[in-house]
Amino acid sequence: QVQLVESGGGLVQPGGSVRLSCAASGNIGSINGMGWYRQVPGKQRELVATITSDHSTNYADSVKGRFTISRDNAKNTVYLQMNRLKPEDTAVYYCNAAVRERLHYYALDHWGKGTLVTVSS
């Protein structure tokens with residue numbers, strides 16, 4: 001079994017910064033892609049940023065230049081540094097990882113339960 005646990009969410013003022021973390025644990029053989037997604041009520045979950053196992057990154061246009069995704073493969077952890085936050089960044093942020101479990105042939109997507117980031121004055 002594999003679990004992803006997000007942390008770091010909370011209330012922040014517009015223009016402020018927050019760093020999210022997501023740690024994967026369990027029966028992990030290797031992790032391929034990792035990413036962050038976000039969702040607000042009444043809207044579809046959207047991609048925020050992704051990062052490959054060799055650290056190539058991809059960002060949604062709305063967060064380019066403000067957010068930075070990174071990972072520590074030794075810790076099975078992915079981070080999202082969020083700077084210059086805007087009220088429209090308010091959402092539940094979900095961690096995603098493609099995990100190959102030990103002794104398994106293929107990787108499967110796993111999701112965390114989410115962490116709420118509220119940007120408000």
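The following questions and answers introduce the strands, salt bridges and selected residues of a predicted model.

Me: On what basis are residues numbered and features accepted in this predicted model?
Reply: Residues are numbered from 1 along each chain as its sequence is written, and side-chain values use heavy atoms, with hydrogens and water left out. Because this is a predicted model, local features need pLDDT of at least 70, while totals for chains, interfaces and linings use all residues, and side-chain atom pairs count only at pLDDT 80 or more.

Me: In what order do the four strands of the open sheet stand?
Reply: Strands here are DSSP runs (E, at least two residues), numbered from the N terminus, and two of them pair if DSSP finds at least two bridges between them. The pairing in this open sheet is antiparallel. Its edge strands, each pairing on one side only, are β1 (2-7) and β7 (67-72). The order of the four strands is β1-β3-β8-β7.

Me: By what angle are neighbouring strands of this sheet turned against each other on average?
Reply: Each axis is a line fitted to C-alpha atoms, and angles between N-to-C directions run from 0 to 180 degrees. For this sheet the direction is ignored, and the average for neighbouring strands is 15°.

Me: Which residue in β8 stands opposite Ser70?
Reply: β7 pairs with strand β8 (residues 77-82) in the antiparallel sense, over six bridges. Opposite Ser70 in β8 stands Tyr79.

Me: How many residues of β9 are buried?
Reply: A residue is buried under 20% relative accessible area, exposed over 50% and partly exposed in between (1.4 Å probe, protein chains only). Strand β9 covers residues 91-101 and is mostly covered. Of its 11 residues, the number buried is nine.

Me: How many bridges join β9 to β4?
Reply: Strand β9 has antiparallel pairings with β10, over five bridges, and with strand β11 (residues 115-119), over three bridges. Along the pairing of β4 with β9, the bridge partner of Gly35 is Asn96. These two strands also run antiparallel, and the number of bridges between them is nine.

Me: Which residue in the turn between β9 and β10 has a positive phi?
Reply: β9 and β10 form a hairpin with five residues between them, and Val99 stands opposite Leu108 in β10. The turn residue has a phi of about 70°, a positive value in a residue other than glycine. With 84% relative accessibility, it counts as exposed; this residue is Leu103.

Me: Is Arg38 buried or exposed?
Reply: Arg38 forms a salt bridge with Asp89, with the closest N and O atoms 3.0 Å apart; a salt bridge is a side-chain nitrogen of Lys or Arg within 4 Å of a carboxyl oxygen of Asp or Glu. The pair links distant parts of the chain, with Arg38 in strand β4 (residues 28-39) and Asp89 in the loop between β8 and β9, 51 residues apart. Because its relative accessibility is 7%, Arg38 counts as buried.

Me: Which residues are joined into one network by salt bridges that share partners?
Reply: The whole structure holds four salt bridges. One of them pairs Arg66 with Asp89, the closest N and O atoms being 2.7 Å apart, and both of these residues are buried. Through shared partners, the network joins Arg38, Glu46, Arg66 and Asp89.

Me: What is the N to O distance in the salt bridge between Asp61 and Lys64?
Reply: Asp61 is exposed, with a relative accessible area of 65%, and Lys64 is partly exposed, at 49%. Their side chains meet in a salt bridge with an N to O distance of 3.1 Å.

Me: With which side chain does the side chain of Glu101 make a polar contact?
Reply: Glu101 is buried yet has no salt bridge, and the nearest side chain of opposite charge, Arg102, is 8.1 Å away (Lys and Arg count as positive, Asp and Glu as negative; His and the chain ends are not counted). A polar contact is a pair of N or O atoms within 3.5 Å; within protein, one must be able to donate a hydrogen and the other to accept it, and residues adjacent in sequence count only if both atoms are side-chain atoms. At 3.3 Å, the partner of Glu101 is Asn27.
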